[in-house]
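Dear colleague,

Please find below the structure that I am handing over to you, together with its sequence. I would be grateful if you would keep it open while reading the notes that come after it.

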Amino acid sequence: MKKLSLFFTLCFVTASLFSVEISLGGYAGGVVRTQTASIKKGLPQFGLVLNVDIPHFGIQTSFGFDFWTQKALLLGETKVRKDIHTSETILITPYYPFHHKKFSFTIGPSIGFKFSQSSLRTTNTKEHLFYLVFGGEFEMRYAATEHVAVFLNMGFFTDTGSMQTKYEIDGIAQLRKSFVWQSDFIYFVPKFGVVYSF
């Protein structure tokens with residue numbers, strides 16, 4: 001979290017030296033993915049966005065947090081166990097803006113990283129994964145006031161590579177998988193939020 005705070009502070013200081021516009025805000029959304037032809041999964045996501053707008057160009061950095069839980073009753077047990085999954089995603093999206101009255105539209109490619117943690121109580125397994133993420137985003141903003149805007153962001157992403165950074169069964173470290181390039185599915189992330197422009 002300290003590195004994230006330092007990054008945002010550095011962006012503010014750099015932007016104050018040049019003729020740019022900075023906006024900071026938060027959002028709520030979801031991660032919608034298709035694992036197979038018949039299984040779809042939706043996860044809630046919350047996060048922060050930072051935009052640095054230079055004339056005819058911009059960069060958006062976002063930090064998203066999503067989670068989901070799954071309950072299971074094992075054979076021979078009366079207590080329900082809960083598996084917990086969380087992940088944090090950092091994305092950088094350079095974009096080209098279009099403006100029309102109070103509306104602005106941006107589109108651009110995205111690259112980022114995802115850190116995922118799973119605590120599977122049904123199998124006494126803990127696993128941490130690192131993902132390399134590629135995709136793209138389209139965003140529409142409406143300037144509600146001089147400084148406040150609401151936005152709808154739609155992104156499509158794929159986890160193109162992954163590696164295990166932690167893998168334990170019953171508290172005992174297991175052999176971890178090294179980095180592999182693979183892309184199993186494309187997922188959709190709609191976000192709705194508010195930003196404040198400085």
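The notes below treat a surface patch, an internal cavity and two loop residues in turn.

Please bear in mind throughout that this is a predicted model.

Surface patch

A nonpolar patch of about 880 Å² is present on the surface. Its members are Tyr96, Phe98, Phe103, Ile107, Phe138, Met140, Tyr142, Leu152, Met154 and Phe192. Two or more residues of this patch come from each of the strands β4 (80–100), β5 (103–120), β6 (125–143) and β7 (148–169). Strand β6 provides the largest share, namely three residues.

One member may serve as an example. Leu152 belongs to strand β7. Its relative accessibility is 32%, and Leu152 is therefore classed as partly exposed, a class that lies between the limits of 20% and 50%. Patch residues must have over 30% relative accessible area, a condition that Leu152 meets at 32%.

Cavity

The structure contains one cavity of 30 Å³ or more. The space within the largest cavity amounts to about 50 Å³. Its lining consists of Gln60, Thr93, Tyr95, Thr106, Ile107, Gly108, Glu137, Phe138, Glu139 and Asn153. Strands β4, β5 and β6 each give two or more residues to this lining. Sorted by class, the lining comprises three nonpolar, five polar and two charged residues.

Ile107 and Phe138 deserve a separate remark: both are named in the nonpolar patch, and both also line the largest cavity.

Loop residues with positive phi

Two residues other than glycine may be of interest for their backbone angles. The phi of Lys101 is near 55°, a positive value. Lys101 sits in the loop that joins β4 and β5. Is Lys101 buried or exposed? With a relative accessibility of 78%, Lys101 counts as exposed, because the limit for that class is over 50%.

Asp170 likewise is not a glycine, and its phi is positive at about 55°. This residue is located in the loop between β7 and β8 (172–173). The relative accessible area of Asp170 is 53%, so Asp170 is also placed in the exposed class.

In brief, the points to inspect are the nonpolar patch of about 880 Å², the largest cavity with its space of about 50 Å³, and the positive phi values of Lys101 and Asp170.

With kind regards

Methods: Residues are numbered from 1 along each chain as its sequence is written. This is a predicted model: local features need pLDDT of at least 70, side-chain atom pairs count only at pLDDT 80 or more; totals for chains, interfaces and linings use all residues. Side-chain values use heavy atoms; hydrogens and water are left out. Patches are made of residues with over 30% relative accessible area and no salt bridge: like charges are joined within 9 Å, nonpolar side chains (Val, Leu, Ile, Met, Phe, Trp, Tyr) within 5 Å. Accessible areas come from the Shrake-Rupley method with a 1.4 Å probe; for residues, only the protein chains shown count as cover. A salt bridge is a side-chain nitrogen of Lys or Arg within 4 Å of a carboxyl oxygen of Asp or Glu. Helices (H or I, at least four residues) and strands (E, at least two) are DSSP runs, numbered from the N terminus. Buried means under 20% relative accessible area, exposed over 50%, partly exposed in between (1.4 Å probe, protein chains only). On a 1 Å grid over the protein atoms alone, a cavity is a set of points where a 1.4 Å probe fits but cannot get out, and a pocket is an open set with protein on both sides within 12 Å along at least five of seven lines; lining residues have an atom within 4 Å of a point. Grid points are joined across faces, edges and corners, and a volume is the space filled by probe spheres set on the points. Ala, Val, Leu, Ile, Met, Phe, Trp, Tyr, Cys and Pro count as nonpolar, Asp, Glu, Lys and Arg as charged, and the others, Gly among them, as polar.
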